[in-house]
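The following exercises are to be worked through with the sequence and the coordinates at hand. Each task is followed by a solution in steps.

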Amino acid sequence: MSLLMVCGFVAVAEGRRVSLVKPNATAKTFYCLYSTALHCAGDVSFPGEIWIYSPFNDVILPDNTVGFLVAKAYFPPGVPGEKILLEASHFMAVPGDPASETYELAIPDCVPPFVLGMGTVPSRPLTLADGTSRAFSVAVSDYVRDGKKTSMVQCVFEGSRTHWSRTPSPAVNSCVHFFGLMNGVAVNGGVSITLESIVLNVGVLEASNTASSQVTSKRRKLSAFVDRWVGILLCERFSQSHVQWCQGSCSEHGSCQRFWFCIVL
């Protein structure tokens, strides 16, 4: 139960087409490889290589084309000296001429990419040099470039964000789901991210207080009818405060035309 994904706007260059025959297959699969750079919240940038499935007759994107990338990722231990490997599931190129000086004017100012992952915490957290921020490592694995690869990501609770002071650090060997912005090089090497959200103890189920004997009817996977519905009565001159539920009447506008809406619960 593990994953590592990168999402955000990136520029691509040096596009080239490659093909390969996968194990137990006879037909060739075509890809495009692009060089890119992942710019962090600070002044640090990581080199990367994007691997995109592409039919053999696709046009290679021109240098400096910007697009929104959604990709599985592998962070090698030698970054930034080694390239981050990205296997794209989606790359939505920004239309226009990349050579134009106005090309990037319509692109949102969202430079650092987002990192989403789930994995296991192998060691205890540590306190960073500012005395308030906490960091912990997460070992994550994903299937990238026809093979399972394991990355190490350092997640940081920023001390300047007061709400993190009430969030406990994850326990050793627990599973966490995290989301944040790529921030730079980790204390012990590798990639560091600034946390935006985290789910602790993923996979741990809480005991239910509802006994199975209380179930009185058989649940069906598919049903021809909805279980129940709520009607909303709206007047013709609709306002946010003028909503009547079920058998309510339009007391404010008694003579106006009224409509029923059905919401499935």
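The model is predicted. In it, Tyr31, Trp51 and Tyr53 form one aromatic cluster.

**Exercise 1. Aromatic pairs**

Task: Establish how many aromatic pairs the whole structure holds, and classify the pair formed by the rings of Tyr31 and Trp51.

Solution.

Step 1. Searching the whole structure yields six aromatic pairs.

Step 2. The ring centres of Tyr31 and Trp51 are 4.4 Å apart and their planes stand at 35 degrees, so this pair is tilted. The relevant cut-offs are under 30 degrees for stacked and over 60 for edge-to-face, with the rest counted as tilted.

Step 3. Locate the partners: Tyr31 belongs to strand S2 (residues 29-39) and Trp51 to strand S3 (residues 45-53). They are 20 residues apart, and the pair thus links distant parts of the chain.

Step 4. As to solvent, Tyr31 and Trp51 are both buried.

**Exercise 2. A second pair**

Task: Classify the pair of Phe114 and Phe179, and state whether Phe114 is buried, exposed or partly exposed.

Solution.

Step 1. With centres 5.4 Å apart and planes at 5 degrees, the rings of Phe114 and Phe179 count as stacked, because planes under 30 degrees apart fall in that class.

Step 2. Phe114 lies in strand S6 (residues 114-120) and Phe179 in strand S10 (residues 175-185). With these positions 65 residues apart in numbering, this pair also links distant parts of the chain.

Step 3. Phe114 has a relative accessibility of 25% and counts as partly exposed. Phe179, at 31%, likewise counts as partly exposed.

**Exercise 3. The largest pocket**

Task: Describe the largest pocket by its volume, its lining residues and their classes.

Solution.

Step 1. The space in the largest pocket is about 270 Å³.

Step 2. Its lining consists of Phe9, Val10, Ala11, Thr36, Ala37, His39, Val66, Glu104, Ile107, Pro108, Cys110 and Val111.

Step 3. Assign the lining to elements: strand S1 (3-20) and S2 are those that give two or more residues.

Step 4. Sorted by class, the lining comprises nine nonpolar, two polar and one charged residues.

**Exercise 4. A loop valine**

Task: Determine where Val94 lies and with which residues Val94 is in contact, leaving aside its neighbours within four places in sequence.

Solution.

Step 1. Val94 is placed in the loop between strand S5 (84-93) and S6.

Step 2. The relative accessible area of Val94 is 16%; since the limit for buried is under 20%, this loop residue is buried.

Step 3. Beyond its sequence neighbours, Val94 contacts Phe9, Val66, Gly67, Tyr103 and Ile107. Among these partners, Phe9, Val66 and Ile107 also appear in the lining of the largest pocket.

Step 4. A C-alpha distance can be added: Val94 and Ala106, twelve residues apart along the chain, are separated by 8.8 Å.

**Exercise 5. Two polar side chains**

Task: Give the setting and the polar partner of Ser151, then of Asp58.

Solution.

Step 1. Ser151 is part of strand S9 (residues 148-157) and, at 1% relative accessibility, counts as buried.

Step 2. A polar atom of the Ser151 side chain lies 2.8 Å from the backbone nitrogen of Phe75. Apart from residues up to four places away in sequence, Ser151 touches Leu4, Ala73, Tyr74, Phe75, Val138, Ala139 and Val140.

Step 3. Asp58 is in the loop between S3 and strand S4 (65-74); with 36% relative accessibility, Asp58 counts as partly exposed.

Step 4. The side chains of Asp58 and Ser54 are joined by a polar contact of 3.1 Å. The C-alpha atoms of Asp58 and Phe30, 28 residues apart along the chain, are separated by 9.6 Å.

**Exercise 6. Backbone geometry**

Task: Identify which residues are joined by a cis peptide bond, and state the phi of Glu14 and of Asn64.

Solution.

Step 1. Recall the background: most peptide bonds are trans, and most residues other than glycine have a negative phi.

Step 2. The cis bond joins Val79 and Pro80, with omega about 5 degrees. Pro80 sits in the loop between S4 and S5.

Step 3. Glu14, in strand S1, has a positive phi near 55 degrees.

Step 4. Asn64, in the loop between S3 and S4, has a positive phi near 70 degrees. Its relative accessibility of 48% makes Asn64 partly exposed.

Key: Residues are numbered from 1 along each chain as its sequence is written. This is a predicted model: local features need pLDDT of at least 70, side-chain atom pairs count only at pLDDT 80 or more; totals for chains, interfaces and linings use all residues. Side-chain values use heavy atoms; hydrogens and water are left out. Rings of Phe, Tyr and Trp (its six-membered ring) pair if their centres lie within 6.5 Å; planes under 30 degrees apart count as stacked, over 60 as edge-to-face and the rest as tilted. Helices (H or I, at least four residues) and strands (E, at least two) are DSSP runs, numbered from the N terminus. Buried means under 20% relative accessible area, exposed over 50%, partly exposed in between (1.4 Å probe, protein chains only). On a 1 Å grid over the protein atoms alone, a cavity is a set of points where a 1.4 Å probe fits but cannot get out, and a pocket is an open set with protein on both sides within 12 Å along at least five of seven lines; lining residues have an atom within 4 Å of a point. Grid points are joined across faces, edges and corners, and a volume is the space filled by probe spheres set on the points. Ala, Val, Leu, Ile, Met, Phe, Trp, Tyr, Cys and Pro count as nonpolar, Asp, Glu, Lys and Arg as charged, and the others, Gly among them, as polar. Contact means heavy atoms within 4.5 Å. A polar contact is a pair of N or O atoms within 3.5 Å; within protein, one must be able to donate a hydrogen and the other to accept it, and residues adjacent in sequence count only if both atoms are side-chain atoms.
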